[in-house]
There are 4 protein chains.
Amino acid sequence: MPEPTENPAELDRADAAGTVALSCETFRNWGRWGENDVKGTLNFLDDAKRAEAAGLVRRGVSFSLSQSFDMNGPQLGWRRRTNPVHTMLDTGTDAERGSQGFPHGLGGADDVIAMPLQCSTQWDGLGHIFDRGFAWNGRRAGDVVTSDGDLVTGIERVASDLIGRGVLLDLGRFAGTGGELPDGYAITTDELEACIAAQGESSRVGRGDMVLVRTGRLARARREGWNGYAGGPSAGLSFTTAGWLYRTEIAAIATDTWGFEVRPNEFDDAFQPLHQVAIPNIGLTIGEMWDLDALAEDCAADGRYDFLLAAPPLPITGAVGSPVNPLALK
Amino acid sequence: MPEPTENPAELDRADAAGTVALSCETFRNWGRWGENDVKGTLNFLDDAKRAEAAGLVRRGVSFSLSQSFDMNGPQLGWRRRTNPVHTMLDTGTDAERGSQGFPHGLGGADDVIAMPLQCSTQWDGLGHIFDRGFAWNGRRAGDVVTSDGDLVTGIERVASDLIGRGVLLDLGRFAGTGGELPDGYAITTDELEACIAAQGESSRVGRGDMVLVRTGRLARARREGWNGYAGGPSAGLSFTTAGWLYRTEIAAIATDTWGFEVRPNEFDDAFQPLHQVAIPNIGLTIGEMWDLDALAEDCAADGRYDFLLAAPPLPITGAVGSPVNPLALK
Amino acid sequence: MPEPTENPAELDRADAAGTVALSCETFRNWGRWGENDVKGTLNFLDDAKRAEAAGLVRRGVSFSLSQSFDMNGPQLGWRRRTNPVHTMLDTGTDAERGSQGFPHGLGGADDVIAMPLQCSTQWDGLGHIFDRGFAWNGRRAGDVVTSDGDLVTGIERVASDLIGRGVLLDLGRFAGTGGELPDGYAITTDELEACIAAQGESSRVGRGDMVLVRTGRLARARREGWNGYAGGPSAGLSFTTAGWLYRTEIAAIATDTWGFEVRPNEFDDAFQPLHQVAIPNIGLTIGEMWDLDALAEDCAADGRYDFLLAAPPLPITGAVGSPVNPLALK
Amino acid sequence: MPEPTENPAELDRADAAGTVALSCETFRNWGRWGENDVKGTLNFLDDAKRAEAAGLVRRGVSFSLSQSFDMNGPQLGWRRRTNPVHTMLDTGTDAERGSQGFPHGLGGADDVIAMPLQCSTQWDGLGHIFDRGFAWNGRRAGDVVTSDGDLVTGIERVASDLIGRGVLLDLGRFAGTGGELPDGYAITTDELEACIAAQGESSRVGRGDMVLVRTGRLARARREGWNGYAGGPSAGLSFTTAGWLYRTEIAAIATDTWGFEVRPNEFDDAFQPLHQVAIPNIGLTIGEMWDLDALAEDCAADGRYDFLLAAPPLPITGAVGSPVNPLALK
């Protein structure tokens with residue numbers, strides 16, 4: 001059996017199906033944590049790692065890594081992904097006017113939301129992507145996610161897991177111009193390792209870590225407008241980093257982009273091919289649309305790139321993804 | 001001016017309006033953090049407190065304090081508060097059948113949700129409750145929350161704040177039977193203090209802490225069915241604890257009940273009167289419908305009642321509340 | 001091959017599968033209007049029938065046959081069927097207070113809704129029910145309705161069809177007590193014919209008509225509360241009327257009940273078995289939860305049971321059902 | 001008091017407030033149908049008119065005047081107006097795969113929708129627009145529409161009214177090029193009258209009629225893409241037609257445009273000024289985004305421009321607008 005390459009220049013652009021299949025089979029963790037596993041690489045994130053992560057906190061400074069959730073977001077309606085629609089059930093205007101009917105001067109405001117679970121800062125669950133009809137751990141896709149949601153690996157299964165050591169790899173600053181990589185820039189394994197080396201000891205990446213890769217794409221959107229932020233071209237991980245994602249035994253990874261991997265993808269005809277390796281085969285939990293800019297400023301300033309990361313998904317039963325407000329505590 | 005009582009037996013049941021007004025005015029923090037303040041008592045939760053909280057972590061055990069978000073929840077539609085409706089945009093069944101049209105064997109699942117922001121485990125924002133037409137810090141309610149949401153104190157303003165020291169006060173275990181207080185049981189200041197004394201040093205409550213009060217109401221619902229969990233009778237804080245909430249300078253408080261305060265309320269004709277003091281006047285952030293049972297078991301076992309609490313709200317722009325998956329890390 | 005019975009007493013209660021299969025195959029219209037047909041029995045409703053229907057109008061009195069759409073409806077959340085959640089984007093309170101920002105004194109109100117398409121008065125589309133994996137006209141169910149909706153027989157295909165001659169059969173008045181049939185009452189073919197005979201010439205039913213069967217179930221709900229209106233016991237058509245539905249060549253049928261057919265169903269273990277014959281096999285469009293009471297009063301008063309019926313579904317692309325406000329014009 | 005002009009050239013572009021106020025006060029029907037009225041000009045549409053309308057039907061040909069309701073619509077999210085999000089609760093794919101759990105081979109599909117009520121073809125209700133803080137019939141806006149919806153003039157109040165005589169005025173064909181008027185073209189009273197004269201006797205407009213004005217804007221959108229169909233420039237009624245709308249005593253009016261009136265509006269700083277006269281003052285029900293193209297073809301072919309129009313709104317309790325599938329029957 002051939003080995004997947006880690007060099008983008010060696011990819012066969014015309015053979016997406018074959019290349020993807022090879023990586024899927026090479027980096028497959030099916031069965032590694034038993035046939036009933038529902039957590040994938042989050043199994044690498046254990047209590048010892050969480051305790052270690054708490055020990056990283058020095059100043060007690062907290063950073064929210066979430067974009068906002070509102071109609072000003074990047075979504076354009078593609079595949080029914082809209083921006084969140086937030087409406088009020090009760091308002092202060094009504095309360096002030098005295099039309100709410102509560103006793104002793106009480107007034108209230110209340111609200112509802114309708115939104116795609118992946119409209120803004122989010123985690124992809126293990127049921128989000130399938131490989132040729134199969135889901136994480138080798139289950140048939142139709143046995144996992146029906147119209148009733150993800151019956152097996154719903155995001156609620158990892159409600160308490162996503163807190164541990166986070167590591168920021170600021171590729172935008174390391175390899176970009178003005179802190180930003182250009183669209184279509186494929187981050188390679190060598191660059192990930194070089195960035196770690198350049199950033200220093202606090203950036204070492206290993207088993208059970210949650211890695212945050214900053215490309216600068218969101219910083220540009222903030223400056224220039226969305227311009228295809230959701231679904232358009234972007235810097236991101238090269239398809240060839242699949243081996244690195246597998247070997248490092250990281251628990252999760254997140255980026256400041258819509259799609260985590262480079263876009264356009266590195267094949268003539270492909271759609272998010274690295275997802276197909278990472279989620280159903282490696283069993284990796286992926287975060288997207290995170291806002292890493294303020295944290296990156298702080299890391300550059302104090303030279304410490306690791307921190308306690310608390311990124312609890314909403315335990316929506318059967319969800320294949322979840323909005324999240326990740327907090328980095330340094 | 002008279003002083004509010006801390007003894008429920010002395011409350012004038014017939015004078016909700018006067019009694020509430022007196023507490024509102026006595027325990028009012030308006031202006032304490034400047035006229036532009038949008039955080040209220042979360043100002044008490046500073047970086048030093050967060051660093052201290054991280055230092056509480058020993059074993060690295062994580063507890064999710066969130067109930068699930070699904071149609072099996074307690075909501076009955078009162079004031080349009082329904083349970084969450086989660087639907088799929090794409091499914092594994094479709095992916096397995098090959099009808100999604102993606103290349104190289106990729107398949108996907110995706111989903112949306114429609115839900116009240118306070119349908120399950122949640123934070124009340126400062127714009128959730130008004131006192132006689134006024135919101136937190138003395139603003140007119142109609143200047144704060146319109147049909148466009150909370151323009152001033154939306155939950156997004158505290159996106160990075162809600163991480164710090166949590167303290168569990170297990171009143172159900174301390175004062176109840178089988179770990180549960182009966183409906184209508186009004187927890188008093190004296191009982192809060194006695195519980196702290198009984199639980200020991202790790203339970204001391206002070207400036208900047210987030211206090212979690214367990215009544216056992218959710219444990220009973222889990223055993224017997226909802227039976228009025230959302231909006232019906234329940235144990236909870238007595239109206240007379242307003243002074244304690246004010247004097248302790250806690251940052252936030254949360255309970256395992258729908259409404260935080262005792263129900264039926266302690267007046268002949270009242271609706272959530274302690275909310276009227278706590279939110280718009282004290283400026284206190286309140287959590288409701290938290291699941292404290294597993295954490296309580298652990299605290300009883302190891303005798304340590306404080307921990308790092310990471311409870312980041314979703315930064316929904318203009319929201320007067322937010323669903324949350326709080327994590328306690330011990 | 002045996003013949004399906006029209007006598008409920010002869011049904012084999014223990015053999016739902018066999019009995020349903022026999023009726024499905026006996027009363028199957030697959031191919032009758034070509035292999036590309038998307039309208040089923042609505043093909044019977046032609047322009048001549050519509051012109052005839054217009055000629056029935058005498059007084060110009062209009063009856064809305066729709067229940068309301070709001071949170072006070074009968075839905076209990078079963079299979080995520082909630083009542084409609086209607087919220088405001090802009091209000092008069094805000095407009096009056098002057099906070100909307102429009103020029104020259106303009107103010108506005110605007111609103112959104114989230115609702116199951118079959119939460120209140122509705123049409124079932126042809127993609128709503130399947131028979132052993134097959135949809136109307138013999139198509140595979142998975143070729144017709146995916147997560148993207150009904151790709152073939154969506155309700156938008158019949159946007160202009162549902163206007164023609166309506167005939168009210170007031171079984172509640174004919175066979176009930178105080179105008180109401182008891183729960184579990186199975187209306188038979190003989191009773192349908194006897195009701196027609198008793199009501200007189202204006203009640204004759206034939207090709208292309210839309211038949212409205214009133215049981216009185218809604219009248220009782222209006223008097224006593226919902227009490228299982230949505231999904232509980234009810235009078236309705238006997239499974240044995242399948243042949244009548246087929247032979248009469250009616251275009252559509254609607255009732256004042258949740259489920260059109262009698263409940264509990266007439267087999268030991270069944271769920272809506274007449275639907276399985278009527279929708280995917282006969283190709284019949286079915287209306288449910290219609291409010292026929294005021295119309296019935298009028299028909300009883302003037303002895304005329306037919307009228308122009310205008311019941312246009314909302315052309316929601318790919319919908320398998322649609323809310324509707326049917327108008328009867330006499 | 002001065003008289004409003006019917007000549008656009010005489011409008012004072014700089015004085016929107018004064019000009020609008022003059023028209024509002026001149027064409028005000030407040031009190032005309034009593035102080036409790038909730039229908040406005042729909043009072044002109046009586047049973048005699050409905051009977052007359054039924055008599056117009058010759059061939060029995062039905063035209064749906066509705067655009068589709070789906071994600072391909074024109075909405076861009078302005079003021080939270082999105083396109084409809086239609087999702088499935090159950091699918092044929094699941095049914096075919098056998099994962100639904102129903103007995104005897106039954107399978108089902110079911111669906112939900114979330115949408116602004118004015119996202120596609122719709123009626124504006126009388127609570128949709130306010131004039132300097134006042135709603136239809138002189139009520140204070142905040143007494144009519146709160147966060148609980150329109151408490152007085154909700155669209156459910158006219159559930160049975162909107163069926164009667166429709167008249168198509170094809171201004172696009174009469175005054176345009178290739179059947180289409182250019183953006184910004186303000187249709188005047190003289191042109192409305194000239195169009196009626198040119199189209200002939202079946203186009204006469206009078207008390208109780210529902211007038212449909214075709215501009216050709218939708219035809220162009222269908223050909224060229226939306227390009228600002230929702231909220232951008234368009235042909236439409238001149239502000240100066242307010243008197244004609246008032247004097248003719250029509251029951252309702254609808255157009256094939258987003259906003260009914262010409263855009264950009266005819267003042268330097270204005271937003272939908274004719275709405276401010278028509279809805280809260282005249283009490284006129286307005287339809288927007290209707291698809292009049294197929295009907296217009298037919299009218300041009302047979303020379304008959306009137307027909308039975310059945311346009312029942314969904315009776316959503318408290319709604320200030322409603323989606324509708326209007327049917328024209330000729």
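**Close-up views of the contact between chain A and chain B**

Together, chain A and chain B bury about 7200 Å², and 61% of this area lies on carbon and sulfur atoms; buried area is the accessible area (1.4 Å probe) that two parts lose on being put together, summed over both. This is a predicted model, in which local features need pLDDT of at least 70 and side-chain atom pairs count only at pLDDT 80 or more, while totals for chains, interfaces and linings use all residues. Residues are numbered from 1 along each chain as its sequence is written, chains are lettered from A and ligands numbered from 1 in the order in which they are written, and side-chain values use heavy atoms, with hydrogens and water left out.

**View 1. Residues at the contact.** Chain A contributes 93 residues and chain B contributes 93 residues, where contact means heavy atoms within 4.5 Å. A:R79, A:E96 and A:H104 supply 10% of the area that chain A buries against chain B, more than any other three residues.

**View 2. A salt bridge between the chains.** B:R81 and A:D110 form a salt bridge, with their closest N and O atoms 2.6 Å apart. A salt bridge is a side-chain nitrogen of Lys or Arg within 4 Å of a carboxyl oxygen of Asp or Glu. Between chain A and chain B, the count is six salt bridges.

**View 3. Paired strands.** Strand β4 (residues 110-116) of chain B pairs with β4(A) in the antiparallel sense over five bridges. Strands are DSSP runs (E, at least two residues), numbered from the N terminus, and two of them pair if DSSP finds at least two bridges between them. A:V112 has B:P116 as its bridge partner in β4(B).

Definitions and conventions: Helix = DSSP H or I, 4+ residues; strand = E, 2+ residues; numbered from the N terminus.
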